[in-house]
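Got the viewer open? Let's take a walk through this one together, one selection after another.

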Amino acid sequence: MRLSEKSKNVQDMFDKIADRYDLLNRLLSARQDVRWRKALAQKLPAQADRQGVLYDVACGTGDVMLTVAKLRADYAQIRGFDISFEMLRKGESRPDLGKWIRKANARCSFTQASAEALPAEPASAHAVTIAFGLRNVDNREQALREMFRVLKPGGRVLVLEFFQPHSTLFAKAFDFYFTNVLPKVGGLISDRAAYQYLPASVGSMPSAEAFAQTLREIGFINITQQMWLSGATRLFVADKP
Ligand SMILES: C[S@@+](CC[C@H](N)C(=O)[O-])C[C@H]1O[C@@H](n2cnc3c(N)ncnc32)[C@H](O)[C@@H]1O
């Protein structure tokens, strides 16, 4: 796996916070992240033969994969890719899900790989997801092109991510939360530097309009989006023709 300097730093950071990542996610989003991942799972294209193949890029500890495994019996193969070995290792054992995980694990597999070069055949997946991962990826356009490449014709990409909210008041409240509350709580429970990085990474995302345009330029069609928190969290859904 060849990684840029920026991706190596991101990898180190997630390796460091892997142990506390799930706990902090729930705490810092007041469990809203669970609701958003469920909405994503519901928007996966239905597979009548129950042989669906899903690739979850930047899968981390496998939250999307496990949500899909729980809610979507029509997906038989759920493959997660991530650059952080520690996040993947945590995902493979998930003590918080107890016995249930053994059943889910039969359908889930974790591979260390970067979003910009997926170890997957062209046109091999019915759906590709990325949740709260894209803003961390160094070459986002290349990652989106990879997702397009590995999708089957008619396949679907689903991108769950933080964007700038459209209400100014909300944007200010969010900014305060990200710059003041989050690094403090994150620092107490995990690594402060990592939780200082979050606001910077959100700020580095393009506007939702520019993002939709990039999807269009790559070749995706039927682009829609679902929003929460005044557009601060968005789920983009788009199809490969
Ligand atoms: C905020 S976590 C999200 C994890 C998971 N998708 C979730 O919903 O909780 C971001 C993940 O992106 C991964 N990541 C960052 N850059 C990446 C890249 N270029 N390719 C693959 N994974 C990457 C990190 O290692 C980390 O596990």
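Before we start clicking, one term: the strands named here are DSSP runs of E at least two residues long, numbered from the N terminus. With that in hand, select Gln 112, which has its place in strand β3. Keep in mind as you look around that this is a predicted model.

**Stop 1: Gln 112**

Is Gln 112 exposed, partly exposed or buried? Gln 112 counts as partly exposed, because it has 16 C-beta neighbours inside 10 Å. Leaving aside residues up to four places away in sequence, Gln 112 touches Met 1, Asp 82, Ile 83, Phe 85 and Leu 88. Now add Leu 215 to the selection: its C-alpha atom is separated from that of Gln 112 by 25 Å, with the two positions 103 residues apart along the chain.

**Stop 2: the sheet**

Switch to a cartoon view and pick out the strands. Seven of them, or 7 strands in the order β3-β2-β1-β4-β5-β7-β6, form an open sheet with mixed pairing. The edges are held by β3 (108-112) and β6 (221-228), each with a single partner strand, so one side of each has no neighbour in the sheet. From one strand to the next, the twist averages 15 degrees. What holds such strands together? Strands of a sheet pair through backbone hydrogen bonds, either parallel or antiparallel.

Let's step across the sheet, pair by pair:

- β1 and β2 run parallel and are joined by 6 bridges; look for Leu 54 opposite Ile 78 in β2.
- β1 and β4 also run parallel, with 4 bridges joining them; here Asp 56 stands opposite Thr 129 in β4.
- β4 and β5 pair in the parallel sense over 6 bridges; Ala 125 has Leu 151 in β5 as its bridge partner.
- β6 and β7 pair in the antiparallel sense over 6 bridges, and Ile 221 stands opposite Asp 239 in β7.

Stay with β6 and β7 for a moment. They form a hairpin with 4 residues between them, and in the turn you'll find Leu 229, which has a positive phi of about 50 degrees.

Then go back to β4. How many of its residues are buried? The count is 7 of the 7, so β4 is largely enclosed by the rest of the structure.

**Stop 3: helices on the sheet**

Select residues 140-150, which make up helix α6. This helix lies across β1, β4 and β5, running at about 145 degrees to β5. Show the side chains of Arg 140, Ala 143, Leu 144, Glu 146, Met 147 and Val 150, the buried residues of α6. Why are they on the same side of α6? They cover an arc of only 155 degrees around the axis, which puts them there. What covers these buried residues includes β1 (52-57), β4 (125-131), β5 (151-162) and α9 (208-218).

Next, bring up helix α2, residues 32-42. You'll see α2 lying across β4, β5, β6 and β7 (233-239), at about 10 degrees to β7.

Now try helix α4, residues 85-93, where Met 87, Leu 88, Lys 90 and Gly 91 are buried. Those residues span an arc of only 160 degrees around the axis, so they sit on the same side of α4. Right after α4 comes Arg 94, with a positive phi near 25 degrees.

**Stop 4: around the ligand**

Center the view on the ligand. It is surrounded by 23 residues, and the closest are Ala 58, Gly 60, Ser 84, Ala 115 and Ala 131. Color this shell by class and you get 12 nonpolar, 7 polar and 4 charged residues. Which elements each supply at least two residues of the shell? α1 (5-28), α3 (63-71) and β2 (75-82) do. The largest share, 4 residues, comes from α1.

**Stop 5: two exposed spots**

While you have α1 in view, find Glu 5, which lies in that helix. Glu 5 is exposed, because it has 8 other C-beta atoms within 10 Å. Its C-alpha atom and that of Thr 233, 228 residues apart along the chain, are separated by 28 Å.

Last pick: Lys 172, in helix α7 (residues 168-189). Lys 172 is exposed as well, with 11 other C-beta atoms within 10 Å. Draw a line from its C-alpha atom to that of Arg 79 and you span 37 Å, though the two are 93 residues apart along the chain.

Notes. Residues numbered from 1 in each chain as written. Predicted model: local features only at pLDDT ≥ 70, side-chain atom pairs only at ≥ 80, totals over all residues. Buried ≥ 20, exposed ≤ 12 C-beta atoms within 10 Å, placed from the backbone. Arc of directions from axis to C-beta. Contact = placed C-beta atoms within 7 Å. Near = placed C-beta within 6 Å. Nonpolar A, V, L, I, M, F, W, Y, C, P; charged D, E, K, R; others polar. Pairing = 2+ DSSP bridges. Axes fitted to C-alpha atoms, helices over the stretch in contact; angles between N-to-C directions.
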